[in-house]
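Q: I'd like to learn how to read the folds in a model like this one. Can we go through it feature by feature?

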Amino acid sequence: MPSKVYRLSGSENANEAMNKKYREIISTLPKLDPPHPTYEIYQYNGFWFHSSILEATLSLSDNFKAQPSDIYLCSSPKTGTTWLKALAFSIMTRDRFSDDDSTNPLLNQVPHNCVPTLEVDFYANPSFLDTELPVLATHVPYACLPPSILESDCKIIYICREPKDTFVSWWHYDKKQQQTFGIETGTTVEQDLKSFHNGTSMYGPYWDHVLEYLKESVDRPERVFFLTYEDLKSDTLCYVKKLAEFMGKPFTEEEVNQGAVEKIVARCNIKTLSNLEVNKSGYFDLKQWKINNSSFFRKGEVGDWKNLLTKDMAKSIDQITQEKFHPVGLKFPSEKNTTKD
C-alpha cells in the first residue's frame, strides 16, 4: 500500500490558515445583492462562492501542495461528480479490492468519503489531505485552483453536464437539504433559475466554469481530460477505459477479457449505489453539518429538466448555452430535443 502523501505546506495547523486574514480579504469582495436568504455569497476571480468555501479556497491557495502524481476530478456541482468519484476510485483501487470484497469502501461509504472534495472537506477537517490515494476532487473554477495544481504536471479530469439538467439536479438537491436542516429559503424555481442564469449560483457562472476547463483541455490534452455526463452515460464502458488510460492505470488485455471493466461499471451504476444501505440511510458528516447520503442519488437521467422547467424557462437557458458553448463546438445530445416552437 502506498505511503501517505502530505499536501499541506509547513507545520502551521491548517485551521489557523483559515483565520482573520482570509475573512478580511473576503469582506472587501463584491457581495451578492440582494443577499441569499440563508448564507453569504461573494464574488472572487469572476465566480461566486459561499463564504466558508471561499475561505477554504483562499487557504488552500496558500497552503496546499499538489503532487505530480495527483489526479483531480473537477466539476461544477451536480454534473456527475458522485458517479465520477465512484468510477475513478474503482479504477485506481481495483488491484486492492476484488469484486466481492466486503471491505471495499464503496460498499460501506458514500463516494464523497472515498474521494474527498478539496475545499469542502478541508474546511471541515484539514487533516483529510494526508492521504495515500492520489485522487482528489474539487468544484473550484480553474482560475481559482491552488497555484501548486496549476503549476504541477498533475492530471485533471473535468466533467460537465447539459445546463438545464445541471440546474434541475442542483435544485432538487438544495431543496432536500433545506428540508433536512429545517431551512426554508422561500425562493421559487423561477427565482433560483434566474440566479443560475445570471451566474450568481454557487461556483457560477456555470458556463464560464465549463469554458475555463474546456480551454485547458484543448491547450493541454495530455493534462486535462474533458468529458460530458451525457457521453459517459451513453457509452460508459468506453469512457471507463479512456479514464483508466488517462489516469495511468489502463486495463490489461487479461482484465478486459475477464470483464473487469463491466464489473466496475455495474458496481458504480447509480441504481446500484443508491440501493446500498449506507446510501439509503447514512450521513456524509462534515462536522458543521450532516448531509443525507441519499441526497447524492436521484434519477441521473438525461433530459429530466422537462419534469420541472417550463418551455420559457428552458429557452432562457438554451439561449445563453448557445451563445457560450456553440462557438467552441460544445453541444449536448439532449439538444436534439429542442425547445423551439
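Q: How many bridges join strand 5 to strand 6, and do they run parallel or antiparallel?

A: The general idea comes first: strands of a sheet pair through backbone hydrogen bonds, either parallel or antiparallel. Keep in mind that this is a predicted model. Here, strand 5 (residues 155–160) and strand 6 run parallel, joined by five bridges. If you want one pair to look up, Y158 has F226 in strand 6 as its bridge partner.

Q: What is the order of the strands in the open sheet?

A: The open sheet has four strands in the order 4-3-5-6, with parallel pairing. Strand 4 (135–138) and strand 6 (224–228) stand at the edges with a single partner strand each, so one side of each has no neighbour in the sheet. From one strand to the next, the twist averages 20°.

Q: Which strands does helix 4 lie across?

A: Helix 4 (residues 81–93) lies across strand 3 (71–75), strand 4 and strand 5, and runs at about 165° to strand 3. Try helix 13 (residues 236–246) next: that one lies across strand 5 and strand 6, at about 165° to strand 6.

Q: How many residues of helix 4 are buried?

A: In general, an α-helix has 3.6 residues a turn, so residues three or four places apart point the same way. In helix 4, 13 of the 13 residues are buried, so the helix is largely enclosed by the rest of the structure. As for its length, helix 4 reaches 18 Å from its first C-alpha to its last, close to the 18 Å expected at 1.5 Å a residue.

Q: Which way do the side chains of strand 2 point?

A: In a regular strand the side chains alternate between the two faces of the sheet. On strand 2 (residues 47–50), F47 and F49 point one way, W48 and H50 point the other way, and all are buried. Strand 2 pairs with strand 1 (residues 41–44) in the antiparallel sense over four bridges, and Q43 has W48 as its bridge partner. The two strands form a hairpin with two residues between them, and N45 in the turn has a positive phi of about 55°.

Q: Which residues touch the most other members of the largest nonpolar core?

A: That core has 52 residues, and the ones touching the most other members are F64, Y72, I149, I156, F167, V210 and L309. Take Y72: leaving aside neighbours within four places in sequence, its contacts include F64, L118, L136, I149 and I156. Another core, of 38 residues, lies apart from the largest one, with L73, Y229, V265 and L273 among its members.

Notes:
Residues are numbered from 1 along each chain as its sequence is written. This is a predicted model: local features need pLDDT of at least 70, side-chain atom pairs count only at pLDDT 80 or more; totals for chains, interfaces and linings use all residues. Side-chain values use heavy atoms; hydrogens and water are left out. Two strands pair if DSSP finds at least two bridges between them. Axes are lines fitted to C-alpha atoms, for helices over the stretch in contact, and angles run from 0 to 180 degrees between N-to-C directions. Contact means heavy atoms within 4.5 Å. Buried means under 20% relative accessible area, exposed over 50%, partly exposed in between (1.4 Å probe, protein chains only). The expected span of a helix is 1.5 Å times one less than its number of residues. A nonpolar core is a set of buried Ala, Val, Leu, Ile, Met, Phe, Trp, Tyr and Cys residues joined through side-chain atoms within 4.5 Å.
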